[in-house]
Amino acid sequence: MRISRRAVALAAVLATVLPLSACGGGSDDESSDASGAIKGKITFQTWNLQANFKDYFNGVIKDFEKEYPDTEVKWVDRPAEGYADKLSADAAGGTLPDVVNISPDLVAPLAKAGLALDLDKDKTAAGFAKDYLPDAWKSHQIPGMEGTYGFPWYLNTGPTFYNKRLFSEAGLDPEKPPTTYDQVFKDGLKLAEQSNGKIATLAQVPTIEDFGRYGVQLMNDKGTGFAFNDAKGVELLTKYKELFEAKALDSQALTATPESSGTKFLTESVAMNPGSALDLENFKTKAPNLYKNIGITDQISNTGKVNMYVMGMMVNSKTKEKPAAIAFAHFVTDATRQMSFAKQVAIFPSTKGSLDDPYFTKEDGTDETRVRIAAAKSLKKAENYTPVLFSEQMKTELRNQVAKALQGKQSPQAALDQAVEACDRLLKQS
């Protein structure tokens with residue numbers, strides 16, 4: 001159920017299949033009104049969900065078919081591994097399902113290929129926009145293109161965990177953790193100094209989301225190129241370089257993964273790490289000493305907005321049963337279904353008003369609920385800082401250039417200039 005996935009292969013394949021007609025054909029007129037009879041057989045595809053949520057989705061389908069007796073929904077589920085490749089094959093073969101579980105980065109090449117329905121151009125679909133949080137609805141909009149190409153489904157975010165014992169031993173107030181990057185940099189240098197370089201504050205190099213939360217403009221206003229090499233971007237990378245040189249950024253950060261960073265935090269060699277409510281049980285069972293000293297705070301941000309990960313439901317623009325496909329995509333993502341799903345797994349609804357439900361607002365004394373309530377509150381003003389057009393290859397280019405800057409092989413400005421140049425080149429190829 002991880003949210004952030006990329007689709008380089010998908011973009012490459014779709015560049016050659018723009019004229020394709022998927023799902024056996026259908027009208028190319030996306031502006032037509034889908035207010036006709038909701039009937040017919042449609043195919044619904046999810047992303048690695050059947051193993052754990054079979055009963056839930058079978059129930060959703062049963063409820064939909066009961067409400068619309070002239071419909072039939074065929075559910076297919078694809079494994080996480082190779083999901084983008086499967087979408088490529090379906091797009092190329094004209095077998096793309098009618099409703100597809102998708103993330104913003106995967107919808108972009110499909111929208112460019114004319115295979116994702118523009119919800120804003122359909123009167124029925126556009127009428128559902130008011131049901132969702134505004135920023136969630138915008139999440140499937142693509143720079144340089146007009147329209148919205150997917151219903152927002154579930155959201156996710158998480159807090160920052162910190163080790164109160166390590167903060168106390170460094171002479172820092174464990175009840176006042178850093179909440180901005182400036183505070184992290186200041187406290188990080190002190191932690192490293194007081195521990196003689198044995199305790200790092202962070203375990204990973206900055207990602208595109210960090211640049212976003214720092215307040216850097218990630219793309220130009222037209223969405224035709226990247227802009228994170230501006231003065232603010234250089235400032236952030238320079239600060240990370242200072243951390244790295246002072247051993248306040250873990251020495252293995254250049255090759256770290258979320259899993260390895262989590263292990264560093266678990267063994268108390270790193271003072272702060274992002275996570276989710278699911279991590280608390282892991283701390284309790286595997287690191288009881290850490291659990292006794294765990295601190296929970298918001299994501300680090302200079303903008304006042306945390307990062308929001310989004311999953312969505314795309315309607316195939318070539319579907320033969322547009323009214324049924326739109327109705328089902330909305331049905332799966334409406335407030336009732338999203339609240340039900342949120343109580344089965346640690347995700348958050350994208351529908352208006354859902355985050356005000358007692359499930360997301362009422363304390364019960366448990367850490368898990370505390371984290372859930374804090375995350376739900378932060379999502380009301382969250383932003384998806386990962387540009388829709390930022391591919392896995394671009395992510396690698398940025399990481400490689402950041403590593404060179406941290407190692408002193410080139411200046412932060414030169415590193416980001418080269419990263420932007422490489423990402424712009426990849427953008428033009430997509």
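One aromatic cluster is formed by Phe44, Phe53, Tyr56, Phe57, Phe64, Tyr68, Trp75, Trp153, Tyr154, Phe328, Phe331 and Phe341. The model is a predicted one. Across the whole structure, a search finds 31 aromatic pairs.

Helix α2, spanning residues 50-67, contributes to this cluster through residues including Phe53 and Phe64. The helix bends by about 35 degrees at Tyr56. Tyr56 is also one of the buried residues of α2. The others are Phe53, Phe57, Val60, Ile61 and Phe64. An α-helix has 3.6 residues a turn, so residues three or four places apart point the same way. The buried residues of α2 pack against three strands, β1 (40-47), β2 (71-78) and β4 (151-156). They also pack against helices α14 (322-332) and α15 (335-342).

Tyr359 has two charged partners. The charged end of Arg372 sits over the Tyr359 ring, 3.9 Å from its centre. The charged end of Lys343 sits over the ring of Tyr359 as well, 5.6 Å from its centre.

The chain as a whole holds 18 helices and eight strands. Its C-alpha atoms fill a box of roughly 70 × 50 × 30 Å along the principal axes. The radius of gyration is 23 Å; this agrees with a compact globule, because 430 residues would then give a value near 22 Å. Of the 430 residues, 54% are buried. Among contacts with a separation of 6 or more, 77% join residues 24 or more positions apart. The accessible surface comes to about 18,500 Å². Carbon and sulfur atoms account for 48% of that surface.

Conventions. Residues numbered from 1 in each chain as written. Predicted model: local features only at pLDDT ≥ 70, side-chain atom pairs only at ≥ 80, totals over all residues. Heavy atoms only, no water. Phe/Tyr/Trp six-rings, centres within 6.5 Å; stacked < 30°, edge-to-face > 60°. Lys NZ or Arg CZ within 6 Å of the ring centre and 35° of its normal. Bend = angle between axes of the 7 residues up to and from the residue. Helix = DSSP H or I, 4+ residues; strand = E, 2+ residues; numbered from the N terminus. Buried < 20%, exposed > 50% of the residue type's maximum accessible area, 1.4 Å probe, protein only. Contact = heavy atoms within 4.5 Å. Rg over C-alpha atoms; globule rule 2.2 N^0.38 Å. Areas by Shrake-Rupley, 256 points an atom, 1.4 Å probe, with all protein chains shown as cover.
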